[in-house]
Each structure stands twice: as C-alpha cells, then as structure tokens.
Amino acid sequence: MASQALPNLPDEIMCKIIELLAEESFYNLAAFLRAGKRGYALVHEPSVLKICDVTEMVTFVTCQISQGGQFFPFLLKCVDARNINAIYYEGIHAASRIGLEESIQIMEPNVPIHGLSTLAMGIFNVCLGNVKEASKVFQQFAAYHHDLGSDATYEMGTDLEWRLS
C-alpha cells in the first residue's frame, strides 16, 4: 500500500525524503534507483547529490570508483554537485590515477573549509616542489582547522596515507 502512495507525493517531498536517506549513506538510494525513471531522476537531483554520504562507496568498494567502475559515474555526479566529501575522495583517487596537479585542481573548491582536502593539497604541493603554495595552504589549514603539530593533524595525515595506499 505504501508503494502506491509514494508515487503520488510531490517531487519536493520525495526529494526531501531521498535527501535524508542519502545523508546517511548512498546505499539507501538503491531502491529509488530501481523504482523507475522518477526515482532515478530524484536521486540525481543536485540537492541529493550534494549531501549524499559517499564514504562507504570509497571505503568498502574502492575498485568500484575507479574509472570504469560501477560507482564512478555517480561519484563524478556528486563531485559536479559540489559534494565536499566526494570532491575530497575523487581528488585523493585522482592523485594516483592522473597525477597530483590534477588532484589539487579537483580538491581546490574544498580549500580551506574541508580539513582533509586542505591538508592533502598542502602535502601534494610539497611533493610537487610548490613550496610557496604549500606554505599558503598550510597556513589556511592552521587557521581553519588544527595546528600542524597537533594530534588531530597527525590522525588526518594517517587517514590520508591510508586512502592513498
């Protein structure tokens, strides 16, 4: 009976429901994607893509976000919608796939607001020999997030190292 009522709900209400589910995990969107054209379109609304939690996608199924992988097109749509975490994960993934300079360009919209992106961008600039740019990014990191010598920064660096391996 509930499945008969859902198609009659306005798109705005359906979209809000999908946003709430997407905020928890991208896995929650599967039923809507299978529900037909309307469900597929609502899942691909920019408001949904922008807040969709893609963490499980990149943590547990990394091979599926590589170019040609099952989730790669969806991840890129989240990046295009300015999903902060998707931008970070795509930037990290791009570092090994296409290079550090391209990775920096991908993560640039997140800097200085997103700490992991900012730290990664600073480190990548060091690796490229862009010392002045790295210094500027690290200053932004310290101003918005943590002191570079803090335990929190160390933990973020450990996370970054794990994601790059």
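These entries record what I looked up in a predicted model of the protein.

**Overall architecture**

I began with the secondary structure, which comes to 12 helices and 0 strands. Reading along the sequence, I therefore noted an unbroken run of α elements, α-α-α-α-α-α-α-α-α-α-α-α. I then took the extent along the principal axes: the C-alpha atoms fill a box of roughly 60 × 30 × 25 Å.

**Burial, contacts and surface**

I looked up burial next and found that 39% of the 165 residues count as buried. For contacts with a separation of 6 or more, I recorded that 53% join residues 24 or more positions apart. The exposed area of the protein is about 9300 Å², and I noted that carbon and sulfur atoms supply 57% of that area.

I also checked the charges. The protein has 11 positive and 19 negative charges, and I found their mean positions to be 8 Å apart.

**Helix 10**

I turned to helix 10, which covers residues 115–128. Does its length fall in or out of agreement with the expected span? At 1.5 Å a residue, its 14 residues should span 20 Å, and the end C-alpha atoms are 20 Å apart, so the two agree.

I listed the buried residues of helix 10 as G115, S117, T118, L119, A120, M121, G122, F124 and N125. Against which helices do the buried residues of helix 10 pack? I found helix 8 (84–97), helix 9 (100–107), helix 11 (131–144) and helix 12 (151–164). Just after helix 10, I noted that G129 takes a positive phi of about 85°.

**S103**

I followed the packing into helix 9, where S103 is found. Its relative accessible area is 0%, so I entered S103 as buried. Leaving out residues up to four places away in sequence, I recorded that S103 touches G91, I92, A94, A95 and F124. Of these partners, F124 is also among the buried residues of helix 10.

**S25**

My last entry concerns a loop serine. S25 lies between helix 2 (11–24) and helix 3 (30–34). Is S25 buried or exposed? I found a relative accessibility of 7%; the cut-off for burial is under 20%, so S25 counts as buried. With residues up to four places away in sequence again left out, I noted that S25 touches D53 and E56.

Definitions and conventions
Residues are numbered from 1 along each chain as its sequence is written. This is a predicted model: local features need pLDDT of at least 70, side-chain atom pairs count only at pLDDT 80 or more; totals for chains, interfaces and linings use all residues. Side-chain values use heavy atoms; hydrogens and water are left out. Helices (H or I, at least four residues) and strands (E, at least two) are DSSP runs, numbered from the N terminus. Buried means under 20% relative accessible area, exposed over 50%, partly exposed in between (1.4 Å probe, protein chains only). Contact means heavy atoms within 4.5 Å. Accessible areas come from the Shrake-Rupley method with a 1.4 Å probe; for residues, only the protein chains shown count as cover. Lys and Arg count as positive and Asp and Glu as negative; His and the chain ends are not counted. The place of a charge is taken as NZ of Lys, CZ of Arg, CG of Asp or CD of Glu. The expected span of a helix is 1.5 Å times one less than its number of residues.
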